[in-house]
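Subject: Structure handover

Hello,

Here is the structure for your files. My notes on what turned up in it follow below.

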Amino acid sequence: MSLTESIRISLGALGANKMRSILTMLGVIIGVGAVIALMSIGTGVQRMVTDQIKSMGSNLLFITPGSQSQGGVRTQAGSAPTLTDEDAQAIMQAALPQIAAVAPEAQSGGQVVASGQNTFSRISGVTPQYEQVRNFKVAEGEFISQANIESRSLVAVLGATTAQNLFPGGDPVGQTVRVNQLNLRVIGVLESKGSGALGNQDDVILAPLTMVQGRLNRARTARGGQTVNTIYVQLVDESPETSAAAVQAIGDLLRERHRVAQDDFTIRSQQDLISSLNQITGMMTLFLGSIAGISLLVGGIGIMNIMLVSVTERTREIGIRKAIGAKRRDILMQFLIEATVVSVLGGALGILIGGGGSRLLNGLPMGNGQTLTTVVSPDAIIMSFTVSALIGLFFGVYPAVKASRLNPIEALRYE
């Protein structure tokens, strides 16, 4: 019997019991649909995290206080005040060929009041280079200038969210905001960068680094310098060779300046951050897919159960076919094809339902201005479809073998 004929007979047998066939496929449909939907959510989160890290700036190195390992004991970066703006100046003055720009940042925070509105916001002390390095763009007004740094001006540039919270419907430029008993004149408003897995980049107030260090964040290192929380270094390109050379040169420079045998700082690149977060989100996606895969296993058991019932119901048919010359392999092939057709059709319907569900979930509000992003990848579709077909083959083997081994004489006498 040809493969085409076997498929025709299988479809006819399934069509004779439509409701039972649909219920049999249901486990596979749900399993494949759940796998695709959940993996699309995981892939979407992964892409969202990657895009937000890239939106922080291009070709960045992040230098933070604290070492990843001290005396064999792993510590958290940023656990000790060891970096100063003098370190940032030394990196700039080193004129390394891999470096395009350097921007230190000193962070503080507090309640911000203006026009009868108040909100708690992050306050970052920055330099003029920060605009370029962090890829910020000014929507209104101007950015912090070198003159503001030198005079420790009481000025501020508002993020889009902060501006909206403090001046709903109004023009913030030229207005005054009160931060921890300080009156700051608003000189600019930033374009929105949006929210994501790393938080809301628009909920920020930027002020001159020297003013923040002198008025809001007076922490000093053990060497007496005023601290910064992060030094951003923009590289000339994103090649691994450039990044590795810059990390080595900056590390040597800071070790010499700090006079330490063990690093009291950590240098990470954007690719390091992306790789670490992708590893976490990848494990989450795999975990979600594995949970959904249990439904496929249940669906496979359902296929085996129905195929065993089908063998029992069609025992006399099998006996007649064997009596007129059908071989064991013909019977085996027919029941294997029937099980595979059930799982393949279920897989195809599951792909349509999973893909449709992913589209419906895309853009779903998640709170804090964030929306859910889903990405249906071809790999998830191919994997789900392949697994559904293999499940039909695997769980159809036993019923098919049982059918092929029936004695034709006993099968003909079966009532």
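To start with the surface: does Leu 23 count as buried or exposed, and why? The model is predicted, and in it Leu 23 has a relative accessibility of 54%; the cut-off for exposed is over 50%, so Leu 23 counts as exposed. This leucine belongs to helix H2, which covers residues 18–55. Together with Met 19, Leu 26 and Ile 30, Leu 23 makes up a nonpolar surface patch whose members add up to about 400 Å² of accessible area.

Now the interior. The largest nonpolar core contains 63 residues. Ile 63, Ile 91, Val 177, Leu 206, Ile 231, Val 233 and Ile 250 have the most contacts inside that core. The element that gives the most to it is strand E4 (residues 99–114), with 7 residues. A second core, separate from this one, has 28 residues, among them Ile 36, Leu 296, Val 311 and Phe 395.

Back to Leu 206 in the largest core: leaving aside residues up to four places away in sequence, Leu 206 touches Ser 124, Val 126, Tyr 130, Phe 143, Ile 144, Val 155, Ala 156, Val 157 and Leu 190.

Last, helix H10, residues 315–323. Its buried residues are Thr 315, Ile 318, Gly 319, Arg 321 and Lys 322. Viewed down the axis of H10, these fall within an arc of 165°, so they line one face of the helix. Just after H10 comes Gly 325, with a positive phi of about 115°.

Regards

Conventions
Residues numbered from 1 in each chain as written. Predicted model: local features only at pLDDT ≥ 70, side-chain atom pairs only at ≥ 80, totals over all residues. Heavy atoms only, no water. Core = buried A, V, L, I, M, F, W, Y, C linked by side-chain atoms within 4.5 Å. Buried < 20%, exposed > 50% of the residue type's maximum accessible area, 1.4 Å probe, protein only. Helix = DSSP H or I, 4+ residues; strand = E, 2+ residues; numbered from the N terminus. Contact = heavy atoms within 4.5 Å. Arc of directions from axis to C-beta. Patch = residues over 30% accessible without salt bridge, like charges linked within 9 Å, V, L, I, M, F, W, Y side chains within 5 Å. Areas by Shrake-Rupley, 256 points an atom, 1.4 Å probe, with all protein chains shown as cover. Salt bridge = Lys/Arg side-chain N within 4 Å of Asp/Glu carboxyl O.
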